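Reader: Please take one part of this model and go through it closely. I would like the strand at the centre of the account to be placed among its neighbours, with the ligand site and a few single residues added afterwards.

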Amino acid sequence: MKKIGVIVGSLRQGSYSRMLARAVIESAPAHLRLSQIEIGSLPLYNQDLETATPPAAWTEFRERVIASDAVLFVTPEYNRSMPGALKNALDVGSRPWGHSAWDGKPAAIISITPGALGAMAANNHLRQVLYAVNLAAMAYPEAYIPAAATLFDGSGRLVDAGVRKFLDSFVQAFDAWIGRLAPGG
Ligand SMILES: Cc1cc2nc3c(=O)[nH]c(=O)nc-3n(C[C@H](O)[C@H](O)[C@H](O)COP(=O)(O)O)c2cc1C
């Protein structure tokens, strides 16, 4: 059993990223336990709060990341980068210095947008930050999902067979990537 924390870059209720994350969570093979780690209530990172008693939401978030064997990011693109809420979560998880929650974990990125370019810029900016916090991002396959508004039904269920098939193969590759990086894997 591998525990995978899923972090969604969008905070809004009707988020396509959230819908896609749910589709991945629900269709993953039984030996992968994916669950979403929420980032919306994390106070903005402020080093002054990094005391013996940091904000409870930070501590809870860090503990959930530490308890995960790997991390999957599903993100939209804001102004050709990742949303600020996601960057904040990465910063929160990276501290206190020397105790980063991310350190050495396997990771993967899926970016999604209603636009045509698959949120490629956000995906690549995020990848750059993952290197900085020593998250081992899977390089291939890359997941840039365009035309998000055409992929889901009225209740937010993924109905596009091509994207479903691609996501299944992406999760399979991520499973193998986690296995390669796991101790003794
Ligand atoms: C502040 C802001 C900036 C945006 N910039 C981009 C962008 O650079 N590229 C893009 O493809 N979409 C951009 N969008 C549109 C988002 O892709 C769209 O709102 C999407 O639905 C957000 O993801 P979500 O559905 O998961 O919340 C932007 C949206 C907002 C609110």
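Author: What follows is an account of one strand, its partners, the ligand site and three single residues.

The model is predicted, and every value below is computed from it. The part chosen is strand E4, which covers residues 106–112.

How many of the residues of E4 are buried? The count is 7 of 7, and the strand is mostly covered. This holds for both faces of the strand. On one side lie Pro106, Ala108, Ile110 and Ile112, and on the other Ala107, Ile109 and Ser111; all of these are buried.

Which strands pair with E4? One is E3, made of residues 70–75, which runs parallel to E4 and is joined to it by 5 bridges. In this pairing Ser111 of E4 has Thr75 opposite. Another partner is E5, residues 136–137, again in the parallel sense, with 2 bridges. There, Pro106 has Ala136 as its bridge partner. E6, residues 143–145, also pairs with E4 in the parallel sense, over 3 bridges. For Ile112 the bridge partner in E6 is Ile145.

The link between E3 and E4 also involves a helix. Helix H3, residues 84–93, forms a β-α-β unit together with E3 and E4, and the unit is right-handed.

Thr75 deserves a separate note. This residue belongs to strand E3. Is Thr75 buried or exposed? Thr75 counts as buried because its relative accessibility is 0%, and the cut-off for buried is under 20%. Thr75 and Ile7 are 68 residues apart along the chain, while their C-alpha atoms are separated by 8.1 Å.

Between H3 and E4 there is a loop, and Ser94 is placed in it. With a relative accessibility of 18%, Ser94 counts as buried, because the limit is under 20%. The side chain of Ser94 also makes a polar contact, reaching the backbone oxygen of Asp91 at 2.7 Å.

On the other side of the account is E6, a partner of E4. The loop between E6 and helix H5 (161–181) contains Leu158. Leu158 has a relative accessible area of 9% and is therefore buried. Its C-alpha atom is 9.8 Å from that of Ala148, and the two residues are 10 apart in sequence.

The ligand site comes next. Which residues surround the ligand? They are Ser10, Arg12, Ser15, Tyr16, Ser17, Pro76, Glu77, Tyr78, Asn79, Arg80, Thr113 and Pro114. Sorted by class, this shell has 4 nonpolar, 5 polar and 3 charged residues.

Three polar contacts can be described. Arg12 places a polar side-chain atom 2.8 Å from an oxygen atom of the ligand. Asn79 contributes a polar backbone atom, which lies 2.8 Å from a nitrogen atom of the ligand. Thr113 contributes an N or O atom of its side chain, 2.7 Å from an oxygen atom of the ligand. As for cover, the ligand taken alone exposes 620 Å², and the protein buries 70% of that.

To bring the strand back into view, E4 has buried residues on both faces. Its parallel pairings are with E3 over 5 bridges, with E5 over 2 and with E6 over 3.

How values were computed
Residues numbered from 1 in each chain as written. Predicted model: local features only at pLDDT ≥ 70, side-chain atom pairs only at ≥ 80, totals over all residues. Heavy atoms only, no water. Near = heavy atom within 4 Å. Polar contact = N/O pair within 3.5 Å; in protein donor to acceptor, adjacent residues only side chain to side chain. Areas by Shrake-Rupley, 256 points an atom, 1.4 Å probe, with all protein chains shown as cover. Nonpolar A, V, L, I, M, F, W, Y, C, P; charged D, E, K, R; others polar. Buried < 20%, exposed > 50% of the residue type's maximum accessible area, 1.4 Å probe, protein only. Helix = DSSP H or I, 4+ residues; strand = E, 2+ residues; numbered from the N terminus. Pairing = 2+ DSSP bridges. Right-handed = clockwise from strand over helix to strand, strands pointing away.
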